[in-house]
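Biologist: I am new to this structure. Could you take me through it in short steps?

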Amino acid sequence: MISREEAWKLLKKYNKEEFHLQHALTLEGTMRYFAKEEGYGEEADYWAMAGLLHDLDFELYPDQHCTKTQEILREYGFEEKFIRAVASHGYGLCTEPLPQPEHTMEKILFATDELTGLIGAAARMRPSKSVMDMEVSSIKKKFKDKKFAGGCSRDVIKQGADMLGWELDKLFEETIMAMRSCEESVNLEMDKQNIEQ
Ligand SMILES: [Fe+2]
């Protein structure tokens, strides 16, 4: 495994858009939170790195999403278990056949990828611009409103909850908590990033 600093550099080599960097950082923090919650605390860095790098290829190779990432990660010497986990978040969504999420880590990555986008979009509408005062009820409303953040697939979110055997409410609540846990660090890293540019 490469260090977190090297992984961040790798991400920035393939991603320049603020939206993509912020999404990667959010998934990094979200996965770290869930690792601890689900009893995989000693693997928290591993889960977090999967979150950070899961969309590595999306900005430059949208047509080869999840396939190109596997190539790049192999070049960088990542183990197959990690590569499989990252690729499985595109299960059923990409043209190439990809592994089905099986491990809890893979299911959570699959379930939270689109949902963090929906919650993030809802947060930006709030006066606070934050998830800190976000309630599950408001996400339930946004989830039902298909016109809101239409790019965030409700089917994928539902499928992810089903894989985990969780009610949607539990997935919403836990993902809000996960995003609360990392909102400040994500914002700080993005500010730093904008100053450097
Ligand atoms: Fe993603």
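Biologist: How many aromatic pairs are there?

Modeller: Keep in mind that this is a predicted model. Rings of Phe, Tyr and Trp pair if their centres lie within 6.5 Å. By this rule the aromatic pairs come to six.

Biologist: Is the pair of Tyr33 and Phe34 stacked, tilted or edge-to-face?

Modeller: The two ring centres of Tyr33 and Phe34 lie 5.5 Å apart, with 85° between the planes. Planes over 60 degrees apart count as edge-to-face. Therefore the pair of Tyr33 and Phe34, at 85°, falls in that class by the cut-off: edge-to-face.

Biologist: Are Tyr33 and Phe34 buried or exposed?

Modeller: Buried means under 20% relative accessible area. Both Tyr33 and Phe34 fall in that class: buried.

Biologist: Which residues form one aromatic cluster?

Modeller: Tyr33 and Phe34 already form a pair. The cluster also takes in a Trp. Its members are Tyr33, Phe34 and Trp166.

Biologist: What kind of pair do Tyr40 and Trp47 form?

Modeller: The centres of Tyr40 and Trp47 are 5.1 Å apart, and the angle between the planes is 35°. Planes under 30 degrees apart count as stacked and those over 60 as edge-to-face. The angle of 35° fits neither, so the pair is tilted.

Biologist: Why does Trp47 count as buried?

Modeller: The cut-off for buried is under 20% relative accessible area. Its partner Tyr40 has 23%, so Tyr40 is partly exposed. Trp47 counts as buried because its relative accessibility is 0%.

Biologist: Now the metal. Which residues are the protein donors of the iron ion?

Modeller: The donor atoms lie 2.0 to 2.2 Å from the iron ion. Along the chain they follow the spacing H-x30-H-D-x57-D. The donors are His23 (NE2), His54 (NE2), Asp55 (OD) and Asp113 (OD).

Biologist: How many residues apart are His54 and Asp113?

Modeller: His54 sits in the loop between helix H3 (44-53) and helix H4 (67-75). Asp113 is in helix H6 (residues 104-125). The pair links distant parts of the chain, and both residues are buried. Their separation is 59 residues.

Biologist: Is the site of the iron ion tetrahedral or irregular?

Modeller: Four donors count as tetrahedral if all angles lie between 85 and 135 degrees. Here the angles among the four donor atoms run from 83 to 168°. Both ends of that range miss the tetrahedral limits, so the site is irregular.

Biologist: Which residues are the closest to the centre of the largest pocket?

Modeller: The largest pocket has a volume of about 800 Å³. It is lined by 31 residues. H6 gives the most to this lining, with eight residues. The closest to the centre are Phe19, His23, Asp113, Thr116 and Gly117.

Biologist: Which element gives the most to the lining of the second largest pocket?

Modeller: The second largest pocket holds about 160 Å³ of space. H2 and H9 each supply at least two residues of its lining. Tyr33 is one of the lining residues. With six residues, the element that gives the most is H2.

Biologist: What is the volume of the largest cavity?

Modeller: The count comes to one cavity of 30 Å³ or more. Among the residues that line the largest cavity are His23 and Asp55, both donors of the iron ion. Helix H2 (residues 18-37) gives the most to this lining, with three residues. The volume is about 40 Å³.

Definitions and conventions
Residues numbered from 1 in each chain as written. Predicted model: local features only at pLDDT ≥ 70, side-chain atom pairs only at ≥ 80, totals over all residues. Heavy atoms only, no water. Donors = N, O, S within 2.8 Å, 3.2 Å for Na, K, Ca; no water. Tetrahedral: all angles 85-135°; square planar, octahedral: opposite > 155°, others 65-115°. Helix = DSSP H or I, 4+ residues; strand = E, 2+ residues; numbered from the N terminus. Buried < 20%, exposed > 50% of the residue type's maximum accessible area, 1.4 Å probe, protein only. 1 Å grid on protein atoms, 1.4 Å probe; cavity = no way out; pocket = protein on both sides within 12 Å on 5 of 7 lines; lining within 4 Å. Points joined across faces, edges and corners; volume = space filled by probe spheres on them.
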